[in-house]
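Please open the model in a viewer and keep the selection tool at hand. The tour proceeds from a surface patch to the aromatic rings.

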Amino acid sequence: MANEYDVIFKENLEEFFIPLLEQITQTDFSKTEDISLEMQLTLERKADFLKKVLAKKPYILHLEIQSQNDARMLSRMMIYYALLRKKYKYRLPVRQYVLYVGKEKMNMQAQDSEASNHFQYTLIDIREFSAQLFLQSDVPEVVILSILADLQ
């Protein structure tokens, strides 16, 4: 039954939706042009680091390591977010981090707000941390990170 309604709505969408939206938003949509409705995409992604954190309120921890500034990082993280939310059926919140270890000054965008949509992830520049912080660790892999940190 739902598919029957979908067909009726889709066939008449332009006739009623634009005038309705103009009335609701007080916006003029008289100048528009059609774009393709097809959005087929085959996409395969493999995250750098992904864990389910078994805290009081469990969540998915997603980490990407980035050695160069990437103007597409925000879009990439949005895609990961959407795929993780879909795979886990919105049961678990997703917390995302990008650890920047590059030589150049970090200049990637970590959030975007467009109309009623907002997306954000946490962007960490390893150079903002003192090398001493890593040198104090008992974990050799953490100590090695000190060469990427702020040597002062």
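Which residues gather in a patch of negative charge on the surface? Select Glu-14, Glu-15, Glu-33 and Asp-34, which form this patch. Patch members have over 30% relative accessible area and no salt bridge (a side-chain nitrogen of Lys or Arg within 4 Å of a carboxyl oxygen of Asp or Glu), and like charges are joined within 9 Å. The model is predicted: local features need pLDDT of at least 70 and side-chain atom pairs pLDDT 80 or more, whereas totals for chains, interfaces and linings use all residues. Residues are numbered from 1 along each chain as its sequence is written, and side-chain values use heavy atoms, without hydrogens and water.

Within the patch, centre on Glu-15, in helix α1 (residues 2-25; helices are DSSP runs of H or I, at least four residues). Glu-15 is exposed (over 50% relative accessible area), at 55%.

Turn next to the aromatic rings. The whole structure holds 3 aromatic pairs (ring centres within 6.5 Å). Select Tyr-81 and Phe-119: their centres lie 5.7 Å apart with 70° between the planes, an edge-to-face pair (over 60 degrees). This pair links distant parts of the chain, with Tyr-81 in helix α2 (residues 73-87) and Phe-119 in strand β5 (residues 117-120; strands are DSSP runs of E, at least two residues), 38 residues apart. Phe-119 is buried (under 20%), at 10% relative accessibility, and Tyr-81 is partly exposed (between the buried and exposed limits), at 29%. Add Tyr-121 to the selection to show one aromatic cluster with Tyr-81 and Phe-119.

Finally, select Phe-129 and Phe-134, an edge-to-face pair with centres 6.5 Å apart and planes at 70°. Phe-134 is buried at 11%, whereas Phe-129 is partly exposed at 34%.

Notes
Patch = residues over 30% accessible without salt bridge, like charges linked within 9 Å, V, L, I, M, F, W, Y side chains within 5 Å. Areas by Shrake-Rupley, 256 points an atom, 1.4 Å probe, with all protein chains shown as cover. Lys, Arg positive; Asp, Glu negative; His and termini not counted. Charge placed at Lys NZ, Arg CZ, Asp CG, Glu CD. Buried < 20%, exposed > 50% of the residue type's maximum accessible area, 1.4 Å probe, protein only. Phe/Tyr/Trp six-rings, centres within 6.5 Å; stacked < 30°, edge-to-face > 60°.
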